[in-house]
Amino acid sequence: MENFSNIVKKSILNISPYIPGKPIEEVKREYGIKDIIKLASNENPLGPSKLALEGIKKKLKDLNLYPESSVYYLRSALSEHLKVKEDMLMFGNGSNELEQLIAEIFVEPGDEVMFSSLSFVVYSIVTDIVGGIPIQIPHKNFRHDIERFIEKLSGKTKLVFLCNPNNPTGTIITKEEFEKFMQNVSEKTIVVLDEAYFEYVYDKNYPDGITYLSKYKNLIVLRTFSKIYGLAGLRIGYGIADSEIVNFIDRVRPPFNVNSLAQVAALYALKDNTHIKKTIKINNTGKKFLEKEFEKLKIEYVKSHTNFIFVKFKYGSKYVFEELLKKGIIIRPFFDNYARITIGKMDENKRLIKELKKILEK
Ligand SMILES: Cc1ncc(COP(=O)(O)O)c(C=O)c1O
């Protein structure tokens, strides 16, 4: 019997599978608790928009048909919404899929792919899938160290992932930093600006990637319907880039990669301003509340521009994670002492703090 590790592509051997936030149903099964709150995957605690659900209902009767591969209606609506040409839009089964497709169309084995050492883990996975060489730039106080990024650019750098705001730390790359980076990067290097949490940011120094597309043809901006729009379960994200790049993506993407319910839900969610405003409001209130409570509990945290907060526990984040699980609260531990906590609804935030207090007092 052949050992498949002898046959599989070498670049695949070292990949560790992506570990998602622990699902609610799994905790229900394992702990026998019914009332679970998930503060682990930066989902929208208000759920999907009601409008999106209405759109889905209308589409259910057509599920015997393949989706429209061109994503016609959503493309048209997004083009108007973002003030970009329709042929500059690409759609994926989550922006995650687009990250992989981008790596597939640009990175040859041995090319360098650069990203921050403390950023979205998928960058590292897609780099390995295509046999790229990861160049991880150490973070500086939980932020992208743009100076080091520039220093490490070389003729071999094919692709750079900039996560803005950054997951898991919630920090931003400023306009000044981003502009400096773009001025220093070669036109032959593709820059992916991952703006999955764009809609949450209120900071005048935060750059809107789309406004740089006319100047930099090598820039790809990625956004998603998984976060503020509350459609993570349907899997739909999009990218905005030069139409030539979109055309290359079209050549490699699986046919019908965005399902019909996702397309219609995104179309409706895009128009649901009430849902978006409500989400931002509870997020801002929740953030202020959690920051204050973390300070009282002497839990260090990184100031966040998103719907999650990166915290440091003195006594092991795995321990805190497991103790919280027993109480039906799911967070996301990182390394030995850190964790990422999604901001929930106020009752959820209060329940988290109440349980955290008990755990830390122990
Ligand atoms: C920074 C960042 N980029 C991309 C994604 C992927 O999102 P999607 O659900 O659109 O695949 C996530 C999801 O957590 C993320 O945090």
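Let's start with lysine 287, which sits in helix H11, residues 273-296. Helices here are DSSP runs of H or I with at least four residues, strands are E runs of at least two, and both are numbered from the N terminus. Before going on, please keep in mind that this is a predicted model, where local features need pLDDT of at least 70, side-chain atom pairs count only at pLDDT 80 or more, and totals for chains, interfaces and linings use all residues. Residues are numbered from 1 along each chain as its sequence is written, and side-chain values use heavy atoms, with hydrogens and water left out.

So, which side chain of opposite charge is nearest to lysine 287? That is glutamate 291, 6.0 Å away, and lysine 287 is buried yet has no salt bridge. Buried means under 20% relative accessible area, exposed means over 50%, and partly exposed is in between, using a 1.4 Å probe and protein chains only. For charge, Lys and Arg count as positive, Asp and Glu as negative, while His and the chain ends are not counted. A salt bridge needs a side-chain nitrogen of Lys or Arg within 4 Å of a carboxyl oxygen of Asp or Glu. Leaving aside residues up to four places away in sequence, lysine 287 touches Ser304, His305, Thr306, Ile309 and Ile343; contact means heavy atoms within 4.5 Å.

Now to the strands. Strand S10, residues 308-312, has 4 of its 5 residues buried, so it is largely enclosed by the rest of the structure. Two strands pair if DSSP finds at least two bridges between them. S10 runs antiparallel to strand S9, residues 300-302, with 3 bridges joining them, and the two form a hairpin with 5 residues between them. S10 is also joined to strand S13, residues 338-342, by 5 bridges, again antiparallel. Have a look at phenylalanine 310 in S10: valine 302 stands opposite, and so does arginine 340 in S13.

Back to charges. How many salt bridges are there by this rule? The count comes to 19. One of them is in helix H11, where lysine 296 and glutamate 293 are 3 residues apart, about one helical turn. Their closest N and O atoms are 3.0 Å apart. Lysine 296 is exposed, at 56% relative accessible area, whereas glutamate 293 is buried, at 9%.

Another salt bridge joins glutamate 177 and arginine 143, with N and O atoms 2.7 Å apart at the closest. Glutamate 177 is in helix H8 (residues 175-184) and arginine 143 in the loop between strand S4 (133-137) and helix H7 (146-152), so the pair ties together parts 34 residues apart in sequence.
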